[in-house]
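This report walks through one protein model, from overall build to single residues. Look at the fold as a whole before turning to the parts.

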Amino acid sequence: MDFKDIHSVYFVGAGGIGMSALIRYFLAKGMAVGGYDRTPSELTERLIAEGAQIHYEENAELIPNDFRDKAHTLVVYTPAIPQEHAELAYFRNNGFEIHKRAQVLGMLTRSSRGLCVAGTHGKTTTSTMAAHLLHQSHVGCNAFLGGISKNYGTNLLLSATSPYTVIEADEFDRSFHWLSPWISVVTATDPDHLDIYGTREAYLESFRHYTSLIQPDGALIAHTGLALQPDLQPGVKLYTYSRDEGDFHAENIRIGGGEIFIDFVAPDTRINNIQLGVPVSINIDNGVAAMALAHLSGVSNEEIKAGMASFRGVDRRFDFKLKTDKIVLLSDYAHHPAEIAQSVKSIRELYRDKKITAIFQPHLYTRTRDFYRDFADSLSLLDEVILTDIYPAREKPIPGISSQLIYDNLRPGIEKTLCRKEDVLNLLKDKPLEVVIVLGAGDLDNYVPEIKKLLEERYNV
């Protein structure tokens with residue numbers, strides 16, 4: 001495929017966060033952009049306002065004329081879309097050029113130096129933090145991110161001069177195998193997506209293959225203690241990192257008064273008294289990885305220090321919606337047991353003497369089936385758990401698999417409730433609450449503005 005021949009791009013599954021960055025890229029290039037998504041969302045409405053032609057009914061007749069010329073139209077789809085989807089079938093039956101999102105991202109970024117962040121969890125915050133460090137420095141960058149940066153209000157950054165592209169490397173459906181990283185961070189390899197991979201071994205093998213794609217003059221920055229066995233080409237440097245040990249790590253960690261300061265230690269430098277712009281303890285780990293990526297890409301110590309202090313976070317990643325002495329409300333995308341455990345521990349560190357209530361919407365029947373005991377263990381670190389029905393995303397229900405499995409395995413004595421997501425607001429009206437966190441990757445986050453309003457009225461804030 002030659003992008004010079006493409007005049008219009010159509011997205012099947014336009015509302016996904018990864019797809020939206022590509023939509024914004026092609027809009028920025030002046031192309032006609034359209035697509036389908038199943039449901040309206042704040043993101044799709046913003047894309048429409050930016051110029052995308054998006055509709056919500058699965059109907060090939062609704063495809064605009066701009067996207068019916070197969071010689072000049074590229075069709076992009078997400079693996080979450082079923083192959084029998086009517087619009088995808090129309091394009092396939094009529095001989096259009098059709099590619100997965102990951103293929104297009106790989107093609108767009110192959111000519112640049114890819115700074116990729118992969119891992120079961122932590123990759124969105126780490127890649128967004130790294131993009132901010134580079135963007136505000138003399139180095140600059142392009143970036144295709146898996147979350148909306150609060151510094152820039154978007155998940156796409158473009159530079160006319162920088163050779164670097166920061167990419168969130170997604171392991172779902174082996175998407176990251178389309179990339180050719182120059183430097184890659186691997187944050188974690190806790191098994192996930194077993195509906196795709198089947199076994200822990202196959203999941204780890206997928207990461208091993210991903211490391212073999214790093215360019216020969218590049219580098220891998222791997223978190224310490226991973227089960228990953230890298231398969232690196234000759235000339236690829238291997239570094240380790242973590243909060244407390246490795247080639248890149250933090251020292252002199254100071255947490256208190258709602259702030260976190262650290263010293264960053266690299267093999268060839270040290271940066272003292274770095275303030276975390278988003279002061280939660282998990283961001284020490286994420287920050288070390290982001291700073292390592294920036295340092296190896298030529299960002300100066302002074303620029304790294306300034307960038308870490310000015311980082312404002314990512315929507316739905318430890319995202320404070322209310323923060324007062326009376327009530328705290330956060331939204332967090334955590335949807336894997338290990339992510340939830342890290343999130344809860346970070347909250348507990350900030351609010352040691354407060355009651356912490358989580359509202360959790362499990363994401364996918366298969367993930368719930370595979371990890372319900374692990375979910376229960378992680379959620380049992382809380383004081384109170386409100387569980388809603390499973391968000392199915394791309395899946396059909398599995399008999400016998402429901403939120404009840406997690407509910408039944410929570411530790412004895414924990415406050416717990418099962419309810420429909422539609423009933424959450426009523427449930428919160430009279431509950432004694434101090435710190436509330438909305439967890440999950442589904443659509444429960446759509447209720448957060450209403451939850452915030454309810455809590456503001458209840459607690460007069």
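Two strands count as paired if DSSP finds at least two bridges between them. The model discussed here is predicted. In it, strand S6 (residues 113-118) and strand S9 (residues 164-169) run parallel and are joined by six bridges. Within that pair, Leu115 stands opposite Val166 in S9.

**Overall build**

The protein has 14 helices and 21 strands. Its radius of gyration is 22 Å, close to the 23 Å that the globule rule gives for 461 residues, so the protein is as compact as a globular protein of that length. The C-alpha trace spans about 65 × 55 × 45 Å along the principal axes. Of the 461 residues, 56% are buried. Contacts often reach across the sequence. Among those between residues at least 6 apart, 66% join residues at least 24 apart.

**The seven-stranded sheet**

S6 and S9 belong to an open sheet of seven strands. The strand order is S8-S7-S9-S6-S10-S11-S12, and the pairing is mixed. Which strands stand at the edges? They are strand S8 (154-157) and strand S12 (237-241). Each has a single partner strand, so one side of each is left without a neighbour in the sheet. Neighbouring strands here are turned by 20° against each other on average, direction ignored.

**The three-stranded sheet**

A further open sheet has three strands in the order S13-S14-S15, with antiparallel pairing. Strand S13 (249-256) and strand S15 (269-275) are its edge strands, and each pairs on one side only. The average turn between neighbouring strands of this sheet is 10°, direction ignored. Strand S14 (residues 259-266) pairs with S15 over five bridges in the antiparallel sense. Ile262 stands opposite Ile274 in S15.

**Strand pairs side by side**

The table sets out strand pairs with their bridges and direction.

| Strand pair | Bridges | Direction |
|---|---|---|
| S4 (residues 73-77) and S5 (residues 97-100) | four bridges | parallel |
| S6 (residues 113-118) and S9 (residues 164-169) | six bridges | parallel |
| S14 (residues 259-266) and S15 | five bridges | antiparallel |
| S18 and S19 (residues 384-387) | four bridges | parallel |
| S18 and S21 (residues 435-439) | five bridges | parallel |

In the S4 and S5 pair, Leu74 stands opposite Glu97 in S5. The chain passes from S4 through helix H3 (residues 86-93) to S5, and this β-α-β crossover is right-handed.

**Strand S18**

Strand S18 (residues 356-360) is mostly covered, with five of its five residues buried. In a regular strand the side chains alternate between the two faces of the sheet. How do the residues of S18 point? Ile356, Ala358 and Phe360 point one way, Thr357 and Ile359 the other way, and all are buried.

S18 has parallel partners in S21, through five bridges, and in S19, through four bridges. The bridge partner of Ile356 in S21 is Val435. Ala358 stands opposite Val385 in S19. From S18 the chain crosses through helix H11 (residues 365-379) to S19, in a right-handed β-α-β crossover.

**Helix H8**

Helix H8 (residues 282-296) has 15 residues. From first C-alpha to last, H8 reaches 22 Å, close to the 21 Å expected at 1.5 Å a residue. Is H8 mostly covered or mostly open? H8 is mostly covered, with 14 of its 15 residues buried. Gly298 follows H8, and its phi is positive, near 100°.

**Ala131**

Ala131 is found in helix H5 (residues 123-135). Its relative accessibility is 0%, and the cut-off for buried is under 20%, so Ala131 counts as buried. Which residues does Ala131 touch, not counting those up to four places away in sequence? They are Cys141, Ala143, Leu145, Leu157 and Val166. Val166 is also the residue of S9 that Leu115 stands opposite.

Ala131 also has a distant sequence position close at hand for comparison: Ala294 lies 163 residues apart from Ala131 along the chain, and their C-alpha atoms are separated by 8.4 Å.

Terms used. Residues are numbered from 1 along each chain as its sequence is written. This is a predicted model: local features need pLDDT of at least 70, side-chain atom pairs count only at pLDDT 80 or more; totals for chains, interfaces and linings use all residues. Side-chain values use heavy atoms; hydrogens and water are left out. Helices (H or I, at least four residues) and strands (E, at least two) are DSSP runs, numbered from the N terminus. A crossover is right-handed if, with the strands pointing away from the viewer, the path from the first strand over the helix to the second runs clockwise. The expected span of a helix is 1.5 Å times one less than its number of residues. Buried means under 20% relative accessible area, exposed over 50%, partly exposed in between (1.4 Å probe, protein chains only). Axes are lines fitted to C-alpha atoms, for helices over the stretch in contact, and angles run from 0 to 180 degrees between N-to-C directions. The radius of gyration is taken over C-alpha atoms; the globule rule is 2.2 Å times the number of residues to the power 0.38. Contact means heavy atoms within 4.5 Å.
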